[in-house]
Protein chains: 2
Amino acid sequence: MKHVVDMSWTDKLAFTAEIDGHNLILDADIDTGGSDLGMRPKKLMLASLAGCTGIDVVSILNKMKVFPDSFNVIVEGDVSEEHPKRYTSMKVIYRFKGKDLPIDKIQKAITLSQTKYCGVSAFYQQVLDVKTEIEILP
Amino acid sequence: MKHVVDMSWTDKLAFTAEIDGHNLILDADIDTGGSDLGMRPKKLMLASLAGCTGIDVVSILNKMKVFPDSFNVIVEGDVSEEHPKRYTSMKVIYRFKGKDLPIDKIQKAITLSQTKYCGVSAFYQQVLDVKTEIEILP
């Protein structure tokens with residue numbers, strides 16, 4: 001299967017694309033000559049990982065009849081100082097809120113995503129170790 | 001430097017994040033249990049590459065006094081059939097429209113982005129060969 005993203009330059013350093021029928025705007029910040037019409041491109045690498053593994057984990061937990069009150073996926077990436085400035089480490093924090101959430105099922109869902117289903121994580125793991133952390137708050 | 005993206009689960013399989021002050025919504029499609037409130041996560045890997053190298057190339061060309069009438073960055077990615085479904089090849093097509101555009105300067109700007117500045121491409125090149133193509137239309 002092939003995926004295609006077509007980004008059009010719109011103004012100064014801003015670009016826009018329609019992806020799955022939804023608009024995305026990327027831009028540089030004002031200090032580097034952009035207009036801040038949209039987010040910076042590199043962080044989308046982290047958003048891609050967060051969304052990919054987040055959707056996996058919610059899907060798997062639902063099948064296990066586990067329903068948290070809230071769920072956040074926080075992805076942290078360290079960026080190299082020298083050009084080309086790229087991610088050199090990544091950590092995914094899975095933060096759940098809810099009563100009596102079963103840590104074993106949550107751990108299993110995350111492991112399944114990180115080892116079997118999430119293609120974004122599988123790609124990044126060819127470059128670096130994607131660390132994971134679980135936080136369960138009442 | 002550290003980048004952080006915090007995605008909140010909002011409903012069914014949908015997630016949202018604020019990145020650089022701009023909202024992003026990711027979701028699965030309806031066939032796989034989502035509501036299509038936003039785009040699929042994996043394609044953001046391609047959008048990240050398109051925006052990163054696109055901003056580089058426009059910036060460099062502007063310094064070279066090259067101003068195309070239009071400019072698109074099209075990123076194609078082949079996805080593996082088996083889980084985890086991940087990109088196995090990528091191609092970036094730089095499509096310019098304009099009169100008397102200097103191919104040598106355009107080639108130089110793209111090479112600088114792909115080899116020196118674009119941290120997304122540098123990351124992906126650790127996994128696969130990021131192919132490039134240039135199209136110049138009148």
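**A two-chain predicted model: terms and evidence**

Tutor: A:Lys12 is found in the loop between strand 1 and strand 2 (14-19) of chain A. Strands (E, at least two residues) and helices (H or I, at least four) are DSSP runs, numbered from the N terminus. The model is predicted, so local features need pLDDT of at least 70 and side-chain atom pairs pLDDT 80 or more, whereas totals for chains, interfaces and linings use all residues. Residues are numbered from 1 along each chain as its sequence is written, chains are lettered from A and ligands numbered from 1 in the order written, and side-chain values use heavy atoms, leaving out hydrogens and water.

Student: What makes phi of A:Lys12 worth reporting?

Tutor: Most residues other than glycine have a negative phi. Phi of A:Lys12 is near 50°, a positive value in a residue other than glycine.

Student: Which peptide bond of chain A is cis, and what is its omega?

Tutor: The bond between A:His83 and A:Pro84 is cis, with omega about -15°. A:Pro84 sits in the loop between strand 4 and strand 5 (87-97) of chain A. In chain B, a cis bond joins B:His83 and B:Pro84, again with omega about -15°.

Student: Why are the two copies described as related by a rotation axis?

Tutor: A turn of 180° with a shift of 0.0 Å along the axis lays chain B on chain A with an RMSD of 0.0 Å (least-squares superposition on C-alpha atoms of residues with pLDDT of at least 70 in both). The copies are therefore related as by a two-fold rotation axis. The same surface serves both, as 100% of the contact residues of chain B recur in chain A (contact means heavy atoms within 4.5 Å).

Student: What area do chain B and chain A bury between them?

Tutor: They bury about 6300 Å², 67% of it on carbon and sulfur atoms. Buried area is the accessible area (1.4 Å probe) that two parts lose on being put together, summed over both. B:His3, B:Trp9 and B:Phe123 supply 12% of the area that chain B buries against chain A, more than any other three residues.

Student: Why is the pair A:Asp20 and B:Lys43 called a salt bridge?

Tutor: A salt bridge requires a side-chain nitrogen of Lys or Arg within 4 Å of a carboxyl oxygen of Asp or Glu. The side chains of A:Asp20 and B:Lys43 meet at 2.5 Å, N to O, so the pair satisfies the cut-off. B:Glu76 and A:Lys2 also form a salt bridge, their closest N and O atoms being 3.4 Å apart. This pair crosses between chains, from strand 4 of chain B to strand 1 (residues 2-11) of chain A. The count between chain B and chain A is 6 salt bridges, and the structure holds 12 over all chains.

Student: What makes strand 4 of chain A and strand 1 of chain B a pair?

Tutor: Two strands pair if DSSP finds at least two bridges between them. Here 7 bridges join strand 4 (residues 70-79) of chain A to strand 1 of chain B, so the two strands count as paired. They run antiparallel. Within this pairing, A:Glu76 stands opposite B:Val4, and A:Asn72 stands opposite B:Ser8.

Student: Which residue of strand 2 of chain B is the bridge partner of B:Ser8?

Tutor: The partner is B:Thr16. Strand 1 and strand 2 of chain B run antiparallel, joined by 3 bridges, and form a hairpin with 2 residues between them. In the turn, B:Lys12 has a positive phi of about 50°.
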